[in-house]
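Here's a model to look through together. Let's take it one question at a time.

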Amino acid sequence: MLRATGLIPRKSSVLLAVPLLSLVNFACNKAQFGGEQYRAVRQENAPQNQNGSGTPFPQYDAKGDPVPYGTPVSPEVNQPGWVGSEVKNEVDAIFSTGAAANYYTDASTGNGGAPGSSNNPGGSPGSNPGGNPGGIPGFPNIPGLPNIPGIPGLGGGPRINTDASSGSGRNPTLGNKILTDSAGVLWLACRKDGQDAGEFANEFFAKAGTKVRVAGEFCPEAKPSGDITILFVIDRSGSMEGVSAEGPNDKTSNGSCGRLRAADLIVKKYQAMLNTTIRAGVVRFATQSEVKLPVGDLDSVANNLNSNIFCGSETGAAQLTNYHAALNTAADQLANLPGEKIVYLISDGSPTTGQGDPRQSGLNAAQRLRAIPGVSLFALFVGYKSGNAVNPRGYLEQITGDPKLVRVTSTADELVKAAATLGTVPVFMKAGDASATLENPAGTQAIKLEEFAARQDVPNRYYWVTEPFVLVGTPTAVTLNKLTVTGKASTGDTLTSVAKIGYHELLPK
C-alpha cells in the first residue's frame with residue numbers, strides 16, 4: 001500500500017491522482033483508513049457520484065465487496081473526522097510515541113520534531129504549542145532522524161511509558177495497529193472553542209459486521225487564579241561550561257545560554273496570565289546550592305533575565321551536581337507560601353554528590369519538595385547523547401513523580417524548544433476516570449479504552465483510543481451508533497466527546 005508522508009492538497013491535485021488511486025484499489029486486498037483514498041476523490045467528483053437521494057454510490061473491490069469509507073474527512077490533525085492519508089502520519093505518531101510527527105518531544109525517546117521547524121535551511125519563525133508570543137524560530141533540516149525534519153540524529157526509539165500517577169501507559173505498537181485492524185478510524189480532536197470535541201455527526205459506509213475505532217483527545221484547561229509561585233532551580237556544575245573533558249552542555253555564547261532562553265520563554269507565559277498574583281525566584285546549585293533571587297514579584301526575575309544569573313558554572317574546586325541541596329533549598333523557599341507552586345529544574349547531569357548516596361538523597365529531597373501542597377516539579381535535562389548507557393529520563397521521572405513533566409534534550413537549542421512544550425499549572429487526568437459507551441438499536445454497551453495517556457509534545461493534553469467495535473445497522477435505513485467518551489480532570493471538570501456515526505450498511509455487489 002501507499003503510505004502518506006504528510007498533508008496533501010485537497011483540490012485539483014487530488015483529481016490528478018485518480019488513475020493512481022484506482023491502481024491502488026486493485027493492488028490491495030483491503031482498503032486502508034476506511035477507504036479514505038477513494039472518498040477524497042468521491043468528494044471532488046460529487047455531482048456525478050451522487051444519486052437522487054444525495055447518497056454517494058458505494059465503491060467495490062475486486063471481490064465485489066463494498067469498500068468502506070467515512071465522511072467527512074479530517075484534513076488536519078486538529079480537526080475531527082475519519083482518518084485519511086492527510087493525517088495518517090500524525091495520528092500514527094501520536095499513538096506510537098505520544099507526540100505528533102511535527103512536534104518536539106525529547107532526545108530520550110528519539111521522537112518528534114520542532115515547533116516552528118522548517119524543511120528549508122534557516123526556516124522561518126513559527127508558533128509553538130506552549131503559547132509563547134512570536135513562537136520559536138524554525139531550525140534548518142539537519143539529517144539524522146529519518147522522516148522527521150529539524151532535529152539532529154536523536155536515537156532511542158519509542159518506549160512504553162508507564163505512568164504510575166495517572167494509571168496509564170503507552171503502547172509503542174498501537175499507532176500502526178489502529179490503522180490496520182479496523183475498516184475506519186474516526187479522530188475526535190479538541191475543538192478550539194472547547195475542552196473536548198463536543199458532538200460530532202458523521203457517516204460511515206460499509207458492509208455488515210464492519211469494525212471501526214474511535215480515537216481522540218481531551219484538552220483540559222488549567223484554571224490559574226489567586227497566588228502562583230514559580231521557582232527556577234538552575235544547574236551551574238562544571239560540565240555546563242565544559243571541564244575535565246565533560247561538556248560543555250550549555251556553554252555561554254554571545255551573552256546567552258539555553259538556560260537563560262528557556263527561562264525567558266517560561267517567564268513570558270506567566271506574564272501573559274490574568275487574574276493571578278505571580279511570584280518568582282531563582283535557586284542555583286552545583287556542589288552546593290544558593291538562593292540567587294529570593295521569591296518576590298515576577299518582575300524580580302523578569303528584570304534579571306541575564307547570563308550572570310542563569311548561565312555559566314561555579315568557579316573554584318571541581319563543581320559537582322547536588323540535587324539534594326538544590327531541591328531542599330527549593331523546598332525551604334516554598335514551604336510556607338500559598339497557592340500553586342511550579343518548580344523548573346534545569347540540569348545537565350544526574351546527581352554526583354549529596355547526603356550519602358547522591359541519587360537516593362536527591363529523590364528524598366524531591367519527595368519532600370513535592371509533598372508541599374500545590375507543588376508541581378518540571379525537569380528539563382540538557383546534554384544527553386543518544387546511545388549513552390545511562391538514560392536520565394527514568395531517574396527524572398522519579399524526581400518529578402510524573403513522566404509528562406520531564407524533557408530530555410541534547411543541546412541548548414533543543415532545551416529551549418523543549419521549554420516551549422511545557423505547561424504552566426499542570427492538569428492531570430487518569431485512565432481510571434475515563435470510560436466509553438456505545439448506544440445503537442442493539443442496546444447500550446461499555447467499550448474498552450485501549451489506551452489513555454498524556455501527550456508528550458503539548459501541555460495538558462490527553463489522547464485515547466477505543467478497542468475495535470462492530471457497527472450495528474440495516475441495509476434499509478441509516479442507523480445511529482452513538483459513542484460517548486467521558487473523562488474527569490484534576491480541575492473538577494468532566495470532559496465528554498460524542499461521535500454520532502450514521503451507519504449505512506451496504507450489501508455486496
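Q: How many helices and strands does the chain have?
A: This is a predicted model, so local features need pLDDT of at least 70, side-chain atom pairs count only at pLDDT 80 or more, and totals for chains, interfaces and linings use all residues. Residues are numbered from 1 along each chain as its sequence is written, and side-chain values use heavy atoms, with hydrogens and water left out. Helices (H or I, at least four residues) and strands (E, at least two) are DSSP runs, numbered from the N terminus. Counted that way, the chain has 14 helices and 20 strands.

Q: What percentage of the 509 residues count as buried?
A: Buried means under 20% relative accessible area, exposed over 50%, and partly exposed in between, using a 1.4 Å probe and protein chains only. By that cut-off, the buried share of the chain's 509 residues is 54%.

Q: Which helix gives the most to the largest nonpolar core?
A: A nonpolar core is a set of buried Ala, Val, Leu, Ile, Met, Phe, Trp, Tyr and Cys residues joined through side-chain atoms within 4.5 Å. The largest one here has 35 residues, and Ile-230, Phe-232, Tyr-270, Phe-310 and Tyr-344 have the most contacts inside it. Elements supplying at least two residues each include strand 8 (226-235), strand 9 (276-285) and strand 11 (340-347). With 6 residues, the top contributor is helix 8.

Q: Which residues does Tyr-270 touch, not counting those up to four places away in sequence?
A: Contact means heavy atoms within 4.5 Å. Tyr-270 is one of the residues with the most contacts inside the largest core. Leaving out its sequence neighbours up to four places away, Tyr-270 touches Ile-228, Ile-230, Ile-278, Leu-298, Ile-342, Tyr-344, Thr-424 and Val-425.

Q: How many residues are in the second, separate core?
A: Among the members of this second core are Leu-186, Trp-464, Leu-471 and Ala-499. In soluble globular proteins, nonpolar side chains tend to be buried together. The residue count for this separate core is 31.

Q: Why is helix 13 largely enclosed by the rest of the structure?
A: Helix 13 covers residues 393-400. Its buried residues are Arg-393, Tyr-395, Leu-396, Glu-397, Ile-399 and Thr-400. The helix is largely enclosed because the buried residues number 6 of the 8.

Q: Which residue just after helix 13 takes a positive phi?
A: Most residues other than glycine have a negative phi, and most peptide bonds are trans. Just past the end of helix 13, a phi of about 80° belongs to Gly-401.

Q: Is Asn-254 buried or exposed?
A: Asn-254 sits in the loop between helix 7 (238-241) and helix 8. Its phi is positive, about 55°, although it is not a glycine. Since its relative accessibility is 81%, Asn-254 counts as exposed.

Q: Where is Asn-275 found?
A: Asn-275 isn't a glycine, yet it has a positive phi of about 60°. Its relative accessible area is 67%, so Asn-275 is exposed. You'll find it in the loop between helix 8 and strand 9.

Q: Which peptide bond is cis, with omega near 0°?
A: Look at the loop between strand 1 (69-71) and strand 2 (81-82), where Pro-72 has its place. The cis bond runs from Thr-71 to Pro-72.
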